[in-house]
2 protein chains.
Amino acid sequence: MPDAADPAPMNARRKFRREGEERRRQDLIDATLDSVAEHGLEGATVRTIALRAGVTAGLIRHYFPGKEDLLQEAYAALMGRMTEQAKAALVMEDASPRQRLAAFVTANLNAPIIDQRVFSLWATFIGRAGADPTLARAHREGYLGFRNEVEAVVAEVLAAERRKPDAAELRHHAIAINAIIDGLWIEGCLAGEMFSPGELAAIGIKAIEAELGLAPEQGGNQ
Amino acid sequence: MPDAADPAPMNARRKFRREGEERRRQDLIDATLDSVAEHGLEGATVRTIALRAGVTAGLIRHYFPGKEDLLQEAYAALMGRMTEQAKAALVMEDASPRQRLAAFVTANLNAPIIDQRVFSLWATFIGRAGADPTLARAHREGYLGFRNEVEAVVAEVLAAERRKPDAAELRHHAIAINAIIDGLWIEGCLAGEMFSPGELAAIGIKAIEAELGLAPEQGGNQ
DNA sequence: GGCGTTGTTGTGCAAGTGTATAAATAGCCT
DNA sequence: AGGCTATTTATACACTTGCACAACAACGCC
């Protein structure tokens with residue numbers, strides 16, 4: 001008679017807790033990014049994502065109209081974090097424009113922005129920008145925002161050197177500097193162990209100073 | 001009585017031609033790249049690929065052990081074409097090192113290397129480099145090969161200017177120049193219509209000359 | 001021209017996909 | 001404590017996926 005009063009029913013329904021809506025959405029988005037980073041878009045199935053988030057697959061559809069919407073929000077969250085971190089280094093106060101530019105470059109060429117997982121996510125999503133106009137526009141806006149930040153700092157740096165560049169010149173500098181940062185970022189993410197700590201940032205700062213025609217710093221700060 | 005002697009039997013088996021093995025493999029690889037570029041890795045199913053190649057899905061398994069192998073070979077083919085095109089601009093003869101460097105940059109920052117489809121493919125595949133060691137190594141080799149080419153040209157350019165850089169300096173220049181080209185390549189692929197023709201190449205050449213400390217060209221060639 | 005080889009097709013299948021929906025239960029309000 | 005409600009689970013379903021396999025027919029060879 002092990003049938004009647006079994007103290008451990010084998011068809012026990014899984015225990016669960018009710019989390020707040022915001023918390024669940026964040027967990028699902030984070031689980032989505034983890035899944036995409038690890039297995040690519042193809043491997044990011046609702047079941048994989050749900051497993052990672054510690055819930056069952058059905059719950060996804062309770063918070064998102066469909067899987068596509070979850071992916072969209074995950075990409076938006078990723079971009080938001082990236083640009084937020086990147087710009088954070090610019091808000092230094094009590095620093096010369098040149099120091100701020102150097103700090104900006106250094107921040108963008110070290111952890112946590114140099115990170116293989118973030119790069120994988122970026123590449124995976126951006127690869128679909130050619131086919132998905134929504135992604136393409138999201139990228140364009142992020143890129144232009146970033147470039148405008150660069151352009152603003154460059155203008156300050158040159159102003160401090162009493163140089164008065166015209167708009168076209170400024171734009172070219174911003175494009176070039178953006179390329180230097182992006183290119184070094186990729187190199188660092190894909191082959192970080194080939195560079196010693198701080199090496200990429202040093203290369204980037206020197207390249208940017210050359211681009212702007214600044215004399216190399218002589219002994220240190222100021 | 002349209003039943004008996006129907007001249008067009010509705011269960012007609014599809015007509016086909018036997019292509020050479022190399023031709024079929026190439027067609028399948030091209031169809032794979034097209035599918036990946038258009039729908040991403042997730043949308044590149046054996047049926048989609050076969051449809052694009054003008055064959056039926058079963059044939060894929062006649063030429064490749066599995067879908068994964070087809071993807072691997074497609075990625076290898078992509079990388080091969082990219083590096084081949086990129087290096088082709090370096091074989092100019094009867095040109096000064098500096099002209100060769102400029103030609104190299106120009107070639108890499110215009111069509112057909114600046115191309116949204118190629119970028120989509122690159123990003124899609126490289127996004128998996130973090131998880132797939134095979135891909136990671138393939139990229140690393142391609143990258144180092146590219147950077148060594150850059151380093152060699154840079155050495156020639158500096159030698160022509162009677163400068164004798166040490167190995168570390170040379171390496172840093174190569175890393176920076178590589179980053180400039182990569183970064184501008186990405187900008188051009190993702191937002192090509194934001195730049196006028198030749199603008200990216202001009203920006204790249206100026207940035208690289210600044211990096212190398214070369215005086216701007218005065219009037220034209222030589 | 002017939003024939004064998006094998007490139008090619010078509011069908012089948014088990015596993016996995018996103019989504020729909022009913023059943024259950026955790027936690028709040030009174 | 002007890003019920004209400006919305007979060008969460010579980011199951012079902014139609015569809016797609018990669019792959020296996022047998023039937024077929026295009027092409028070279030005699």
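A polar contact is a pair of N or O atoms within 3.5 Å, and in this predicted model a phosphate oxygen of DNA strand D and an N or O atom in the side chain of A:Tyr63 are 2.4 Å apart.

**View 1. The protein surface around DNA strand D.** DNA strand D is surrounded by 25 residues, and the closest are A:Arg18, A:Tyr63, B:Arg18, B:Arg61 and B:Lys67. Besides the approach of A:Tyr63, whose side chain places an N or O atom 2.4 Å from a phosphate oxygen of the strand, an N or O atom in the side chain of B:Lys67 is 2.5 Å from a phosphate oxygen, while A:Arg17 takes part through a polar backbone atom, 3.2 Å from a phosphate oxygen. The elements that give two or more residues to this surface are helix 3 (60-63) of chain A and helix 2 (46-53) of chain B. By class, the residues near DNA strand D comprise 13 charged, seven nonpolar and five polar ones. Of the strand atoms within 4 Å of the protein, 65% are part of sugar or phosphate, and the rest belong to bases.

**View 2. The protein surface around DNA strand C.** For DNA strand C there are 25 surrounding residues, with A:Arg18, A:Arg61, A:Lys67, B:Arg18 and B:Tyr63 as the closest. A polar side-chain atom of A:Lys67 is found 2.7 Å from a phosphate oxygen of this strand, whereas chain B offers polar backbone atoms, that of B:Glu19 at 2.8 Å from a phosphate oxygen and that of B:Arg14 at 3.1 Å from a phosphate oxygen. Helix 2 (46-53) of chain A and helix 3 (60-63) of chain B each contribute at least two residues to the surface near DNA strand C. This surface consists of 13 charged, seven nonpolar and five polar residues, and of the atoms of DNA strand C within 4 Å of the protein, 68% belong to sugar or phosphate, the rest being base atoms.

**View 3. The relation between chains A and B.** A turn of 180° with a shift of 0.0 Å along the axis lays chain B on chain A with an RMSD of 0.1 Å, which is the relation of a two-fold axis. Of the interface residues of chain B, 100% are also interface residues in chain A, and the copies therefore meet through the same surface.

**View 4. A salt bridge across the chains.** A:Arg171 and B:Glu199 form a salt bridge in which the closest N and O atoms are 2.5 Å apart. This pair crosses between chains, with A:Arg171 in helix 8 (residues 167-190) of chain A and B:Glu199 in helix 9 (residues 199-212) of chain B. A:Arg171 is partly exposed at a relative accessible area of 22%, but B:Glu199, at 10%, is buried.

**View 5. Salt bridges within each chain.** Over all chains the structure holds 32 salt bridges. In chain A, the side chains of A:Asp30 and A:Arg81 meet in one of these, at 2.9 Å from N to O. Because A:Asp30 lies in helix 1 (residues 21-43) and A:Arg81 in helix 4 (residues 67-88) of chain A, the pair ties together parts that are 51 residues apart in sequence. Both ends are partly exposed, A:Asp30 at 28% relative accessibility and A:Arg81 with a relative accessible area of 35%. In chain B, a salt bridge joins the side chains of B:Arg52 and B:Glu38 at 2.3 Å from N to O, and this pair links distant parts of the chain, B:Arg52 being in helix 2 and B:Glu38 in helix 1 (residues 21-43), 14 residues apart. B:Arg52 counts as partly exposed at 37% relative accessibility, as does B:Glu38 with a relative accessible area of 42%. A network of salt bridges also links A:Arg17, A:Glu19, A:Arg23 and A:Asp27.

**View 6. The surroundings of B:Asn108.** B:Asn108 belongs to helix 5 (residues 97-108) of chain B and counts as buried, at 4% relative accessibility. The side chain of B:Asn108 reaches the backbone oxygen of B:Phe104 at 2.9 Å. Leaving aside residues up to four places away in sequence, B:Asn108 touches B:Ala86, B:Ile113, B:Ile114, B:Phe146, B:Ile181 and B:Trp185.

Methods
Residues numbered from 1 in each chain as written. Chains lettered and ligands numbered in written order. Predicted model: local features only at pLDDT ≥ 70, side-chain atom pairs only at ≥ 80, totals over all residues. Heavy atoms only, no water. Near = heavy atom within 4 Å. Polar contact = N/O pair within 3.5 Å; in protein donor to acceptor, adjacent residues only side chain to side chain. Helix = DSSP H or I, 4+ residues; strand = E, 2+ residues; numbered from the N terminus. Nonpolar A, V, L, I, M, F, W, Y, C, P; charged D, E, K, R; others polar. Buried < 20%, exposed > 50% of the residue type's maximum accessible area, 1.4 Å probe, protein only. Contact = heavy atoms within 4.5 Å. Least-squares fit on C-alpha atoms with pLDDT ≥ 70 in both. Salt bridge = Lys/Arg side-chain N within 4 Å of Asp/Glu carboxyl O.
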